[in-house]
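This report concerns aromatic side chains and their surroundings. Please examine the sequence and the structure shown below before reading on.

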Amino acid sequence: MSNRVCMKKWLLTAMGTHIVNFLTKHKQQQAFCVSIRSKTTSIQYVESRARDPTFEKLMDKYKNLLKVIAVQDLILANPKNQSVSIEFLSNLSQKLHLNRGATAFLRKFPHIFLIYYEPSKLQPFCRLTDAALDVSRHEAEVINASLPLVVERLVRILTMSASKTVPLRAIFKLCDADEPNTHLLKLVADVPSNGFRAAVEDWRVVECCKEECSVDRMEMRFSFKHGYPPGMRLTKNFRAKVKEWQSLPYVGPYEMVSEKKKLSKAGMMAMEKRAVSIVHEFLSLTVEKMVEVEKISQFRKWFGIDLNIRDLFLDHPGIFYLSTKGKRHTVFLREAYERGCLIQPNPVYEARRKLLDLVALERRGLRAVNSKLQDRSSSNEVEQKDSMQRDDSLSSFD
């Protein structure tokens with residue numbers, strides 16, 4: 001009997017220990033699930049985002065476009081001799097991320113690059129094709145024509161900064177910064193606080209004026225346009241949080257705010273919405289409504305954003321889309337795109353899009369071009385034979 005009692009006590013003790021361990025582990029899992037946002041690493045958070053195949057396909061092309069532009073800039077660097085040696089490009093292959101080497105990369109895009117042998121220098125060189133040169137010249141022309149617009153957008157960017165200063169090497173007034181090899185671009189003109197209206201505010205006006213507008217106009221005054229990746233699960237809880245966030249008071253990117261720290265939950269949410277409004281406006285001012293996260297992060301402290309920029313994009317997938325293609329993080333303004341193209345294109349974007357089209361062609365279309373050349377040469381031979389026969393017949397009458 002005593003053995004049974006001892007056995008029973010041992011079993012109860014073992015079961016109790018097992019239950020305690022299970023409950024402790026389960027409690028830790030619950031705590032982790034509740035605060036998963038704070039415990040998840042940045043890489044895991046990026047990987048867990050909902051993918052959008054349209055933007056991912058676009059970035060597949062863009063990652064090659066960026067490499068093409070890098071090589072193109074090297075070719076055009078010398079205006080007197082717009083060419084570069086293959087040996088020089090091969091030495092820069094790693095820096096330019098040409099994984100299979102310079103020659104293989106150039107041959108992949110024959111509509112853009114032309115490899116030829118230079119007898120005087122006893123080595124192969126590369127230059128741009130006529131089609132690529134035309135695109136490059138056209139882009140330079142439209143950029144020069146848009147300089148007034150560029151100045152206005154620079155003023156807008158500087159106005160969003162509390163100190164009216166950003167770290168840029170450009171015109172206006174350059175000031176030495178505390179950081180080495182850094183200059184500051186400072187706005188010296190007085191711009192009224194109500195001189196600019198943000199792009200999202202223009203959208204709200206248009207939406208409110210629509211007859212089929214189903215959203216309450218009082219709710220619309222603080223809202224941002226949302227659209228989500230296809231297949232993304234929008235739970236009831238998620239929709240409720242988005243609706244709550246949309247109703248938060250909105251502080252425009254050009255409005256000045258006090259520098260007092262707001263530690264309350266409402267203050268933190270207001271600060272986050274202010275950050276979204278600034279980044280939304282910044283992307284609206286770019287040519288392609290997209291930018292590398294690393295580049296926009298350089299403006300973070302100048303815009304007074306105390307949040308992680310990358311996390312800001314991931315927390316608002318209805319407004320922004322973050323892509324990691326090509327070993328770089330690129331953010332898109334979702335509302336500006338439809339089926340991988342800008343809804344409202346501009347001349348500079350259209351010029352760059354032509355180069356992107358050449359990149360997307362790769363080696364396609366070469367046979368058609370060659371066959372056309374052969375047909376043209378054969379037709380010329382026939383015309384020459386016909387003309388020779390006509391000349392012979394005419395000479396017989398002389």
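Does Phe 196 count as buried or exposed? In this predicted model, Phe 196 has a relative accessibility of 18% and therefore counts as buried, since buried means under 20% relative accessible area. Tyr 254 is likewise buried, at 4%.

The structure holds 15 aromatic pairs. A pair of aromatic rings is described by the distance of the centres and the angle of the planes. Two of these pairs are set out below.

| Pair | Distance of centres | Angle of planes | Class |
|---|---|---|---|
| Phe 196 and Tyr 254 | 5.4 Å | 45° | tilted |
| Phe 299 and Phe 303 | 5.7 Å | 15° | stacked |

The tilted pair links distant parts of the chain, its residues being 58 apart. Phe 196 lies in the loop between β6 and α9, whereas Tyr 254 lies in the loop between α11 and α12. In the stacked pair, Phe 299 is buried with a relative accessible area of 9%, and Phe 303 is buried at 7% relative accessibility.

Aromatic residues also occur in strand β8, which spans residues 320-323. Both faces of β8 are covered: Phe 320 and Leu 322 are buried on one side, Tyr 321 and Ser 323 on the other. Strand β8 runs antiparallel to β9 (residues 330-333), and four bridges join the two. Phe 320 stands opposite Leu 333 in β9. Tyr 321 belongs to one aromatic cluster with Phe 55, Phe 332 and Tyr 337.

Charged residues lie over some rings as well. Arg 204 is placed over the face of Phe 224, 5.4 Å from the ring centre, and Lys 273 over the face of Trp 245, at 4.8 Å.

Technical notes
Residues are numbered from 1 along each chain as its sequence is written. This is a predicted model: local features need pLDDT of at least 70, side-chain atom pairs count only at pLDDT 80 or more; totals for chains, interfaces and linings use all residues. Side-chain values use heavy atoms; hydrogens and water are left out. Buried means under 20% relative accessible area, exposed over 50%, partly exposed in between (1.4 Å probe, protein chains only). Two strands pair if DSSP finds at least two bridges between them. Rings of Phe, Tyr and Trp (its six-membered ring) pair if their centres lie within 6.5 Å; planes under 30 degrees apart count as stacked, over 60 as edge-to-face and the rest as tilted. A charge sits over a ring if NZ of Lys or CZ of Arg is within 6 Å of the ring centre and within 35 degrees of the ring normal.
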